[in-house]
Amino acid sequence: MACLELGSFSVRSYAFDIVTSEIQSRLIPLLSSVINKENFATPKSLDLQDILRRFSFDSICKFSFGLDPGCLRLSLPISHFALAFDLASKLSAERAITTSPLVWKLKRFFNLGSEKKLKEAIKTIHELAETVIRHKRNNGVASPDDLLSRFMATIDDDVFLRDIVVSFLLAGRDTVASALTSFFWLLSQNPAAIEAIRQESDRVMGPDSDKLVNFAQLREMQYLQAAVYESMRLFPPVQFDSKFCEKDDVLPDGTFVAGGTRVTYHPYAMGRMERIWGGDCLDFKPERWLKNGLFKQENPFKYPVFQAGQRVCLGKEMAIVEMKTVALSLIRKFDFQVVGPVQDQGPKFLPGLTATVRGGLPVVVRERGSISY
Ligand code: HEM
């Protein structure tokens, strides 16, 4: 059912409307307010990763619940809901890297340390979700487009509803922010790609950089689509993912896998394998996705950034639309100069479910055309 809902045109255009409104009313005003007009020796920088995480949290909350946490308002408030979400994701990821699951299971049993904090964070998230569901049930569905309202029309079990919507928040928030953060880092190293995106968008939309893209124009931008896919080949937001084998099985290549074995696939490593992508596998080359100027999909088993087969990401199309819209709006209006250690050393990632750059992505924001790349 979720698959049908997310694939529908009305859901995708609802998501597009949310994203464009958040860009226009918050993201662009915020970045415009920190533009560095002077060439100071040490210009003021801001953490683009943090801004993108706030952006995607606001967007996914509006999309899933019809609720606006306002994390991207000019004063940059941090909602306690967003903090609880961060904490719960971090602590869950730490569970996966403990030497033995016995450690966290004992802590959970005695309600100690990190497990106590995880329980509290989950309680905060559940309470908010339950309040929204109760409010919608009691007052009728005010905004019938959000995902929760759509599911409420057919699902009566409130716990089930709560879990569906929270899993959408989890799946859709950090992934998009992570993908965009890496994209902007790669662009800073590849000015020719910035130029190609600008040229393509000027051709499709005209040169007015204040105009926001519409859905039909977005679909025309083949180079941008290729650049977004190429960026996630090198920096997939979900760098690796494990499954546990339920019972003895044999993989298509004949490898025996005993029941209970943990099997991990690694999109980050696969994206950098010469055997899969050729001798230039470490280069950022959007052109590899274009055939006669048109974007060409790859087999998802070769490019498992969104998983493949039955467990494929349900929000894939939406994620691509969101990434393209945000990236385009910012590239058309601003120049970004990455500063700090990440500029020379490249991104180093924190341990976690979704790739997060250690230390963020500090950038100096300038008006378009101020930086000669
Ligand atoms: C660039 C952004 C994204 C990436 C790279 C991504 C990647 C993935 C991956 C790898 C999985 C499989 C996880 C697993 O099997 O353990 C997944 C599942 C999922 N994703 Fe995404 N995702 C993105 C954005 C989104 C968005 C925006 C949404 C929703 C609004 C979403 C909704 C989901 C859902 C519901 C699932 C679970 C599917 C299932 O288990 O059947 N994702 N995603």
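Three exercises with worked solutions follow.

The model is predicted, so that local features need pLDDT of at least 70, side-chain atom pairs count only at pLDDT 80 or more, and totals for chains, interfaces and linings use all residues. Residues are numbered from 1 along each chain as its sequence is written.

**Exercise 1.** Determine how the axes of H5 and H6 cross.

Solution. Helices (H or I, at least four residues) and strands (E, at least two) are DSSP runs numbered from the N terminus. The axes of H5 (residues 101–110) and H6 (residues 113–139) come within 7 Å and cross at roughly 65°. Here, axes are lines fitted to C-alpha atoms, for helices over the stretch in contact, with angles from 0 to 180 degrees between N-to-C directions. H5 contributes Trp104, Lys107 and Arg108 to the contact, and H6 contributes Gly113, Ser114 and Glu115; contact requires C-beta atoms, placed from the backbone, within 7 Å.

**Exercise 2.** Identify the surroundings of the ligand.

Solution. The ligand is surrounded by 19 residues, the closest being Ala171, Gly172, Thr175, Cys313 and Gly315; a residue counts if its C-beta atom, placed from the backbone, lies within 6 Å. Helices H8 (158–189) and H14 (316–333) each give two or more residues to this shell. H8 supplies the largest share, seven residues.

**Exercise 3.** Establish the strand order of the open sheet and its edges.

Solution. The three strands have the order S1-S11-S8, with antiparallel pairing; pairing requires at least two DSSP bridges. S1 (46–47) and S8 (334–338) are at the edges, each with a single partner strand, so one side of each lacks a neighbour in the sheet. Two bridges join S1 to S11 (residues 362–367), and leucine 46 has valine 363 as its bridge partner in S11.

Terms used
Contact = placed C-beta atoms within 7 Å.
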